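Biologist: Got a minute to go through this one with me? Let's start with a helix pair and then move on to the chains.

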Amino acid sequence: MSYADVAVALILVGLSAYLLFGGADFGAGLWHLLARRAAEKDVIEHAMGPVWEANHVWLIFVMVMTWTAFPPVFAGIMTAYWVPLSLAALGIVIRGSAFAFMKIEHGFKIEHRRRYRWAFGVSSVVTPYALGAVAGTIAAGDRHWLSPPGAYAGLLTVGLCAYLAAVYLTWDARRLSPNAATAERFRSYALGTGAVVGALALPGSIVLGVRSPLIGLSALAGLVSLVLLWRRAYLAVRLSAALAAGSVLWGAAVLSDLDLDAAAAHDAVLRVIFVALGVGGIFLLPALAWLYVLFQREAGSHEDRARAR
Amino acid sequence: MVLGAAAGPASPADFIAAREQMAFTLGFHIILASIGIGLPALTVLAEWRWLRTGDPSYRELARRWAKATGVLFAVGAVSGTVLSFEMGTLWPRFMDTYGQVFGAGFAMEGIAFFIEAIFIGIYLYGWDRLPPRVHLLTGIPIAVAGIASAFFVVTVNAWMNQPRGFRLDAHGRVTDVDPLAAMFNPATPVQATHLILAALMVCGFIVASVYAVPLLRGRGERYHRLGFAIPFTTAAVVAPIQVIVGDWASRFVSERQPIKFAAMEGVDHTQAGVPFRFAFLEIPNGLSLLLRFDPHATIRGLDSWPAGVRPPAEIVQTSFEIMIAIGMALLGLAVWWAYTWWRHHRHGARWSPWFLRAATLAGVAAAIAMEAGWTTTEVGRQPWIVYGVMRTVDAVNPSPGLRYGLYVVLVVYAVLGAVTIGVLRRMRRPSHQAGALKVDEKITAGGAGR
């Protein structure tokens, strides 16, 4: 296994994490726009609040890894797709700022949501669409992001994000919302989008010529997820849904068949990067785990818990 | 996937647009990044004082600054992401050829940024979930990682000024890459120090100027006085150090990038005994004396280089002079603050309204100085993107239509800047202070609606 292979693996890990965590935040933005009830929006805002910044950094990780480890690939993609990628960047700016403003204005006595609702919701759809369209165009070997494979991949990415978000939010709603009906509604969103995305993903992958056992894995995990959702196993379905979505991404990676060895940076560069990541990971990974555990725990102040003990 | 052979921009307008877009988005980000470096440290300082003294003013300051950090960090994080995209969408040939040489700095910056983002989440949302001391400790990684990110990012800019750690083969491809030699190039120590100190000054003076306004209007509660004194003192302590580091930076540039130095000081012709010129002021032999400690020393002038490698000297000189003028004024203000502080403690004297008026302007002035300094180093490096190695014009994306990207960015950023300032202004309202904290505490403590 060459250094370049390790770098590719790391980029894929980063992309997967970005889809599974950052992607779910985009999906949550879509649900925030579509949901009618304040209780649902509350759950979305509280679930995203502490973690979205960290989830976003996976994208930076992927970009920095790509331009350092495979500079010609990064330059080629950025030159060819500067329009959709600039759109994605602007979407990221608008989405992140709108969310931060919405959170902070929650404390004011004005209607904080009306102002940022559309900016937050629309940019949460544009960004994954644009990123998905670029990824799909590259994977299918097509030329233009507005081509059918690009449009298909863009829609599929938005669908995957919406699906992941609905699945994750079902558990968050049960945890955060006093109203049991909120979790039920997210469950129905998850069941609905799960069925739609599954129906979109399978035929598409066959038309595009993905020949990989990953299709079977994705379909199986998708079916298991629907069953788990039906049976209200909300924690277990997080894993199976993540597997179903992740294997779509890995299928696209197999399809793309990029020749990366020729584009790889010198071993001296990759060695420094790997060491830096290793040292950084010692601090980063436990901190990341703590972040998720801390805010997934039953809500309540440390004083409350101390009293309960 | 391979770039075409044709080099250069699609049109001169697109090339100018790419440069303007980079300058504009970076200029926007640099102010937010400065606050992102300084404000977490100020917040942790206030929280520590609260835990030590139990003074509720400190608690209120820590809470407010944490909220402002939340907003500004978010906008800073996404405007920083735009810069990562622009590295590729605007300057793909630069990334293609040299991405691997300076990439290690960015990779380390990415790790530091990740740590920052994780602890920002824990710190901002953990007030009621963590014991006070643990909460205080979770603020420290934000401050440390913020300074570390600044350092790592500046290693890349320093490398663009002093490219090291590679050789070019016969086909113009890089070989013998040594990423650590690239990171720790000769410009890194001075540039990183100068920028981190500048960031602390920008943040300190901006935050303090927010509190100078109510103090001027006579609403001088302890909360406002502390809100002014903590950041202003931080910035005032840094100001004299920054003057020394600035001197180091000029001397470094005069040795390593003499053409940039000639542009900064407006030395048109090579001559001995160069006068020191500043705006309308002229001191005979001053510059030679300042630089070489010899009134008759010779300094190389712009005309000793071919016209094709000279930077636009007027812009470089003007922005350099603006930075120096503001830096000196801020140094004066720091001394004035020390005097005010001494009189207050010795004689119980009130802070002078004229001092507060000047302090109100210090925040904006420091931000302008930051932009001017950045303009000096960036425009002073032109026409090179990598000094002496790659021209900016050869790095640009050859796609047509880049200028439309600039127009969209200008509109979005104008709105973003206006909304950010509006949100921050609304955060200062007393109604927010009274009513909103309760709402917020309920949420962080009990989850939605509990």
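Modeller: Sure. Keep in mind that this is a predicted model. In chain A, helix α1 (residues 3-34) packs against helix α10 (residues 234-256), with an angle of about 135° and axes 10 Å apart.

Biologist: Is α1(A) oblique or parallel to α10(A)?

Modeller: Oblique, because an angle of about 135° falls outside the ranges for roughly parallel, antiparallel and perpendicular. The crossing of the two helices is right-handed.

Biologist: Which residues make the contact?

Modeller: From α1(A), A:Leu12, A:Leu15, A:Ser16, A:Leu19 and A:Leu20. On the α10(A) side they are A:Ala242, A:Ala245, A:Gly246, A:Leu249 and A:Ala253. By class that makes eight nonpolar, two polar and no charged.

Biologist: OK, and α1(A) itself, where is the kink centred?

Modeller: On A:Gly23, with a kink of about 30°. End to end, the 32 residues of α1(A) reach 45 Å from first C-alpha to last, close to the 46 Å expected.

Biologist: Switching topic: how many residues of chain B are in contact with chain A?

Modeller: 73 residues of chain B, and they meet 66 residues of chain A. The elements of chain B giving two or more residues to that side are α2 (56-89), α3 (92-125), α5 (179-183), α13 (402-427) and α14 (430-446).

Biologist: Which one gives the most?

Modeller: α3(B), with 23 residues.

Biologist: And what's the breakdown by class on that side of chain B?

Modeller: The side of chain B touching chain A has 43 nonpolar residues, 21 polar and nine charged.

Terms used
Residues numbered from 1 in each chain as written. Chains lettered and ligands numbered in written order. Predicted model: local features only at pLDDT ≥ 70, side-chain atom pairs only at ≥ 80, totals over all residues. Contact = placed C-beta atoms within 7 Å. Helix = DSSP H or I, 4+ residues; strand = E, 2+ residues; numbered from the N terminus. Nonpolar A, V, L, I, M, F, W, Y, C, P; charged D, E, K, R; others polar. Axes fitted to C-alpha atoms, helices over the stretch in contact; angles between N-to-C directions. Left-handed = near helix turned anticlockwise from the far one by under 90°. Expected span 1.5 Å × (residues − 1). Bend = angle between axes of the 7 residues up to and from the residue.
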